[in-house]
Amino acid sequence: MKQVVQNYKSGELALLDVPVPAGKPGGVLVRTAYSLISTGTEMMKVSEASLSLVGKAKARPDQVAKVVQSVAANGLAATYRKAMNKLDSYTPLGYSLCGVVEEVGAGIDDVAVGDLVACAGNEHALHSELNWVPKNLYTRVPGGVDPRHAAFGTVGSIAMQGVRRGEPQLGDVALVIGLGLIGQLVVQLLVATGVRVVGVDPDPARCELAERLGALRCADPGSGVVDAAVAEITGGHGVDQVYLAAGGSTNEPVELAAKLSRDRGRVVDIGKCSLNLPWNAYYEKELDVRFSRSYGPGRYDPEYEIDGRDYPIGQVRWTERRNLECVVDLMRRGRLDVEPLISHVAAFSDAVDTYRKLNEGELKAVAVLFEYEQRSADTFEQVASVSVPQQVTARAVPRSGLKVAFVGAGNYASSMLLPHLAGMDGVDLSDVVTTSALSGANAKRKFGFTRASTDLGPVLDDPSVDAVFIVTRHSSHAELTRRALLAGKAVFVEKPLALSEKELALVLGAIEESGNNRLQVGFNRRFAPLLTEAVRTFGPRIGPASVRYLVNAGRLDANSWYTQSDSEGSRFAGEGGHFVDTVSWLLGADPVSVYATATPGHQDLQILLRYPDGSTASIAYTTSGSPAFPKETIDVTADGKVLKFDDFARASVFGRKKWVSSRLPQGRDKGQAAELEAFVTALRTGVSMPVPVESLVSTTLATFAVTRSLETGAPVRIGTGEA
């Protein structure tokens with residue numbers, strides 16, 4: 001299928017062939033009829049992409065701040081790879097469409113195949129022939145509503161949420177600054193509410209359009225016409241609300257808002273404009289400045305948008321979905337007319353040229369729609385279900401050439417794994433399977449995969465595929481690993497291997513059933529060149545050792561999926577295996593018991609591991625530390641010697657003579673390249689896997705034991721689960 005994409009690094013726009021998105025529970029697969037170009041938000045993104053790297057940095061200082069933090073935590077080289085990977089990837093465009101339901105996922109009973117729906121979301125309502133849309137981001141379009149009009153549902157919801165934030169009352173006077181697409185919709189919604197509206201825009205055509213749609217008077221902000229109209233309509237008091245629907249870097253909108261507002265009026269920011277508030281003007285009138293966040297409550301909440309958990313109507317009257325429903329209902333009742341806003345309807349096949357014309361000013365428009373060729377369902381590639389074979393014997397014959405498939409191609413896979421594999425002789429990247437069609441298309445383009453799809457079944461059925469890399473969210477690891485092992489594939493799965501004893505039992509059951517134990521978990525730190533060099537320098541150990549491992553993990557972004565502990569496990573369950581595995585490798589054994597304590601809310605963890613020879617290790621996993629401090633530091637003490645390891649950047653060994661490493665020329669190397677080389681070598685030569693399955697299991701059980709110890713307040717023996 002086709003999708004409109006943009007490369008943010010080069011600015012290239014393309015109509016790209018991408019896999020059909022997989023239908024999933026909790027949503028519907030929608031065949032697009034019309035999608036709307038946001039001539040404000042989207043065109044700003046298109047324009048930014050044409051800027052130099054310096055220009056992009058100035059346009060997105062928030063992203064620059066994240067890069068600076070990443071350099072401090074991960075080093076310059078790793079951060080550069082990660083940033084360039086993000087920049088040099090195709091990103092989707094679009095977030096408002098109308099289409100026909102093609103497939104209904106499990107748990108959906110409010111629409112049926114063939115229903116017309118309005119859809120929202122910058123990840124789910126894209127300029128694409130097919131989109132998977134979760135429950136709270138679509139609504140059924142009532143009869144009598146033109147599909148072209150229903151495609152305005154999302155931008156209508158943005159305007160509606162802005163109006164709701166202003167709390168207009170019957171008889172109020174409002175000023176709308178910026179009469180582009182959102183501004184025109186705000187004007188109509190205010191008029192429908194019984195508010196008298198004055199508008200501001202430098203474009204006479206837009207001013208004329210707003211007056212036709214119900215505004216009393218609209219004009220250029222510098223003409224004085226608006227000032228006079230506000231004075232006349234309000235008796236000199238000023239407007240009750242100002243709605244900022246303008247973009248750009250000028251500060252004139254907020255200055256005009258202060259000038260024309262009444263005492264204690266409300267100023268609502270809907271667009272993305274400069275907000276350098278003139279203090280005296282806003283203070284003297286005690287103006288109430290409010291922000292309107294996109295389509296309404298639920299936006300940016302994955303539990304609402306992805307998991308479909310609605311907010312109780314008694315607590316949150318107007319959510320994203322209820323705003324969307326209200327917009328199409330207003331269209332049905334003739335209270336919201338978007339037909340006059342449609343400046344141009346382009347064939348979807350002409351999408352790239354349409355964007356070019358808009359960006360270069362050749363096409364002047366308030367709203368532009370893409371019209372899609374209507375096709376029958378059997379024209380599209382369908383998602384197939386696959387039954388996993390019950391009895392599979394792993395191939396024992398070593399191969400010089402390896403066919404590798406990836407499940408998941410997010411930022412970690414694309415920046416830390418695939419660049420190394422793509423450069424290995426004899427490794428054939430055959431298939432990439434992703435939930436997001438565009439993610440797979442990006443990986444195929446950058447790393448040379450033969451195929452990209454959203455369906456794992458054919459990959460597992462393909463006898464020529466030797467190994468499957470699983471780099472997906474934590475909750476899927478165990479089941480995907482089980483399926484791949486039963487299919488006779490070697491498996492490299494990113495940590496964690498499992499999130500519970502039940503999941504781990506499924507993986508072990510698959511190994512026993514298939515006889516296939518070619519399994520590696522992405523515990524890469526034991527392969528880090530600087531750490532292995534330091535261990536060699538430290539030399540053989542005679543007596544028990546004491547290890548201290550400080551992990552200065554830092555706080556997570558509130559929107560990170562790592563915070564979804566109900567579905568993805570705790571943060572330590574997700575990444576704690578890294579540190580347990582590293583300590584076990586340093587000590588040459590697996591732990592026999594675990595004891596854990598924590599500060600309130602489990603913000604910081606202290607974990608004590610005991611080993612068979614009497615060695616002990618403490619892992620301090622903290623989120624309350626300074627981001628300026630190194631992320632990982634290790635001290636190993638034994639036999640009159642001390643190994644000190646500082647965040648993959650410097651190592652020291654104190655013994656009879658002191659050894660201090662030089663800094664690695666390539667920056668911090670956490671061992672991914674060496675780990676992959678060891679995995680590939682094991683498959684090619686038929687030797688044992690780099691880490692025995694028994695050790696992988698012990699490490700995984702240790703992470704479970706941390707949770708149990710925190711619950712019981714007692715040590716937990718590894719393997720037996722007994723204190």
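**A predicted model, question by question**

Biologist: What covers the buried residues of α20?

Modeller: The model here is predicted. In helix α20 (residues 529–538), the buried residues are Leu 530, Leu 531, Thr 532, Ala 534 and Phe 538. Their cover includes one helix and several strands: α22 (571–587), β27 (632–638), β28 (641–646), β29 (650–654) and β30 (658–660).

Biologist: Which residue follows α20, and what is the sign of its phi?

Modeller: Helix α20 spans residues 529–538. Next comes Gly 539, with a phi near 90°, so by sign it is positive.

Biologist: What share of the protein's residues is buried?

Modeller: Buried means under 20% relative accessible area. The protein has 24 helices and 31 strands. Of its 723 residues, the buried share is 53%.

Biologist: Which helix gives the most residues to the largest nonpolar core?

Modeller: This core holds 52 residues, and the members that touch the most others are Phe 152, Leu 181, Val 186, Leu 190 and Leu 341. Elements that each supply at least two residues include β3 (27–37), α6 (153–166), β9 (173–177) and α7 (181–192). With seven residues, the one that gives the most is α7.

Biologist: Which residues does Leu 341 contact, leaving aside neighbours within four places in sequence?

Modeller: Leu 341 is one of the core members that touch the most others. Some of its partners also belong to that group, namely Phe 152 and Leu 181. The full set is Phe 152, Leu 181, Gln 184, Leu 185, Leu 209, Leu 213, Val 366 and Ala 367.

Biologist: How many residues are in the second, separate core?

Modeller: Nonpolar side chains tend to be buried together in soluble globular proteins. The second core includes Leu 605, Leu 609, Tyr 621 and Val 653. Its count of residues is 38.

Biologist: Which residues form the covered face of β25?

Modeller: Strand β25 covers residues 605–610. Gln 606, Leu 608 and Arg 610 lie on the uncovered face. The covered face is made of Leu 605, Ile 607 and Leu 609.

Biologist: Which residue in β26 is the bridge partner of Leu 605?

Modeller: Strand β24 (residues 593–598) pairs with β25 in the antiparallel sense, over six bridges. There, Ala 598 stands opposite Leu 605. Strand β26 (residues 616–622) also runs antiparallel to β25, joined by six bridges. In β26, the partner of Leu 605 is Tyr 621.

Biologist: Which residue in the turn between β25 and β26 has a positive phi?

Modeller: β25 and β26 form a hairpin, with five residues between them. The phi in question is about 95°. The residue is Gly 614.

Biologist: Is the crossover from β9 to β10 right-handed or left-handed?

Modeller: Both faces of β9 are covered, with Val 173, Leu 175 and Ile 177 on one side and Ala 174 and Val 176 on the other. Five bridges join β9 to strand β10 (residues 196–200), and the two run parallel. The chain goes from β9 through α7 to β10, and this β-α-β crossover is right-handed.

Biologist: Which residue of β12 stands opposite Ala 174?

Modeller: Strand β12 (residues 239–244) runs parallel to β9, with four bridges joining them. Opposite Ala 174 stands Gln 241.

Biologist: How many residues apart are Asp 110 and Arg 321, which form a salt bridge?

Modeller: Their closest N and O atoms are 2.5 Å apart. Asp 110 sits in the loop between β5 (96–104) and β6, while Arg 321 is in helix α13. Along the chain, the separation is 211 residues.

Biologist: Is Arg 321 buried or exposed?

Modeller: The cut-off for buried is under 20% relative accessible area. Asp 110, at 30%, is partly exposed. Arg 321 has a value of 12%, so it counts as buried.

Biologist: In which helix do Glu 575 and Arg 571 both lie?

Modeller: Their side chains meet in a salt bridge (3.9 Å, N to O). Glu 575 is buried at 12% relative accessibility, and Arg 571 is buried at 17%. The two are four residues apart, about one turn of the helix, and that helix is α22.

How values were computed:
Residues numbered from 1 in each chain as written. Predicted model: local features only at pLDDT ≥ 70, side-chain atom pairs only at ≥ 80, totals over all residues. Heavy atoms only, no water. Core = buried A, V, L, I, M, F, W, Y, C linked by side-chain atoms within 4.5 Å. Buried < 20%, exposed > 50% of the residue type's maximum accessible area, 1.4 Å probe, protein only. Contact = heavy atoms within 4.5 Å. Pairing = 2+ DSSP bridges. Right-handed = clockwise from strand over helix to strand, strands pointing away. Salt bridge = Lys/Arg side-chain N within 4 Å of Asp/Glu carboxyl O.
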